[in-house]
Amino acid sequence: MKIFIKTYGCQMNERDSEALGAMLCRNGHTLTDVEKDADVLLFNTCSVRDAAERKAKGKIGFMRKLKKQKPEIIIGVLGCMAQRLGDELLAELPHLDFVLGTGQIHRVPEMIENIQKTRCRVSETEFFPDEIEMLGAHGEASWSGQIAITRGCNRFCSYCIVPYVRGREVSRSRESILAEARAMVDAGVREILLLGQNVAAYGLNGDIRPPADDHSPFAELLEELNEIPGLLRIRYTSPYVSYFNKRLISALANCSKVCHNIHLPLQSGSDRILKAMNRQYTAAGYLEKVAELRQAIPDLTFSTDVIVGFPGETEEDFNMTRQLMNEVGFEQAFIFKYSPRPGAKSAEIADTVSEEVKLERNNILLDDLKARISGKLQTLSGSVVEVLVEGVSSRNQERWTGRTGTNFVVHFEPDDDCVPGTLRKVEVSRSGAVSVSGKLLPLD
Ligand code: 5AD
Ligand code: SF4
């Protein structure tokens, strides 16, 4: 059968969709990008913010037309929104055939077969944490690959729906991660992105107390991955600031393949709001960790997530966030307007900040960010940077794109030796708003 998969939300969902696509192909199906050609349409959804859910629901609702024209097609909803709404989705959208929660994505092939035979409508949202490794296999060979090393989250930040829709935190075994990484590298992968909602808590058995300074299973995992011949780069997202203990910081500094870029969610720069968010650090603590990391790895760059308009956020709280962001000097940031998520703790308190003020605060931070990024990019002019070649630029077919370990995007004209997944040097000559460009230096 021809299968169409649309993914919403985070990189974890992207990875799951890719692995699901590969699994379906192994079962004899083919993938298509064209909705109206598909026999099965799958929507892998996100619930983390209200906007993400609305977008997916709108799209799935729109599929009603297609189902009218082709009643034999099968439409399934997967992922976090499926987990959150379950039966409700089936009731609300009569053209839906099945809903499968986050712990059941590997059951899609079986589900398709069942529905083909019985044409029943099904919603299943039970968790099977023991089957965490079942969706391990990656998709088509490429220079980059992703491995989910933990799933779920035990931290219960008050605004966040993840612990409810993704379940408790579970880590995959080190052996299975290493085996998957080696198989990926054998298939041509040169950069591996390690994924988890709380990735640096890897191997801590769900204990939310950050470990002693000399203990970090995540550091041990990075060290073993760093030894895989043929692998060039290791990235990871997203860690929680409190897990960067001495053991982890020294591993990051010593592992030559681990990229010098950290996505380190801040959420707020006000201690009062951080406390209300149930984030277990203070603004000063966050800054201290950044300083410690920078001391160990001087060219380290940082990106972050920030929420504006959390209930009770005053102008003063917001200004603390703004100031802290400037102090850290993030090279990238994702700013979100707070939206209450049903089931999350903060949804029980009033959403006090108006949409207008949220938008205003959002725009202030975005303007700060824009100015800061363009300043940082300017400082790269004249320097020689090492990039991992990614391929033809999506904007300009004549040019290719690469990325530095510090996560800056670099454009250049390719030469005959230019191959995706190889490391090359570029002399930066121009900087733009979001990327730089320069001259590719010949291979030594
Ligand atoms: N409202 C707005 N942003 C949210 N995020 C998570 N939950 C919410 C919410 N209820 C943001 C956080 C998180 C990112 C993935 O999404 O910043 O780090
Ligand atoms: Fe959500 Fe907090 Fe867990 Fe991140 S650490 S997934 S924000 S509960």
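**Chat: cysteines and a ligand site**

Biologist: Hi! Is Cys418 buried or exposed?

Modeller: Cys418 is buried, with a relative accessible area of 10%; buried means under 20%, exposed over 50% and partly exposed in between, with a 1.4 Å probe and protein chains only. This is a predicted model, where local features need pLDDT of at least 70 and side-chain atom pairs pLDDT 80 or more, while totals for chains, interfaces and linings use all residues. Residues are numbered from 1 along each chain as written, chains are lettered from A and ligands numbered from 1 in written order, and side-chain values use heavy atoms, without hydrogens or water.

Biologist: How many disulfides are there?

Modeller: Zero, counting a pair of cysteine sulfur atoms within 2.5 Å as a disulfide. For Cys418, the nearest cysteine sulfur belongs to Cys259, 18 Å away.

Biologist: And why is Cys255 not bonded to Cys259?

Modeller: Because their sulfurs are 12 Å apart, too far for a bond, although Cys259 has the closest cysteine sulfur to Cys255. Cys255 is buried too, at 5% relative accessible area.

Biologist: New topic: which atoms does ligand 1 have polar partners for, say at Asp305?

Modeller: An oxygen of ligand 1 sits 2.7 Å from a side-chain N or O atom of Asp305. A nitrogen atom of ligand 1 lies 2.7 Å from a backbone N or O atom of Ser339, and for Tyr159 such a backbone-to-nitrogen distance is 3.1 Å.

Biologist: How much of ligand 1 does the protein cover?

Modeller: The protein covers 87% of the 410 Å² of accessible area that ligand 1 has on its own, by the Shrake-Rupley method with a 1.4 Å probe.

Definitions and conventions: A polar contact is a pair of N or O atoms within 3.5 Å; within protein, one must be able to donate a hydrogen and the other to accept it, and residues adjacent in sequence count only if both atoms are side-chain atoms.
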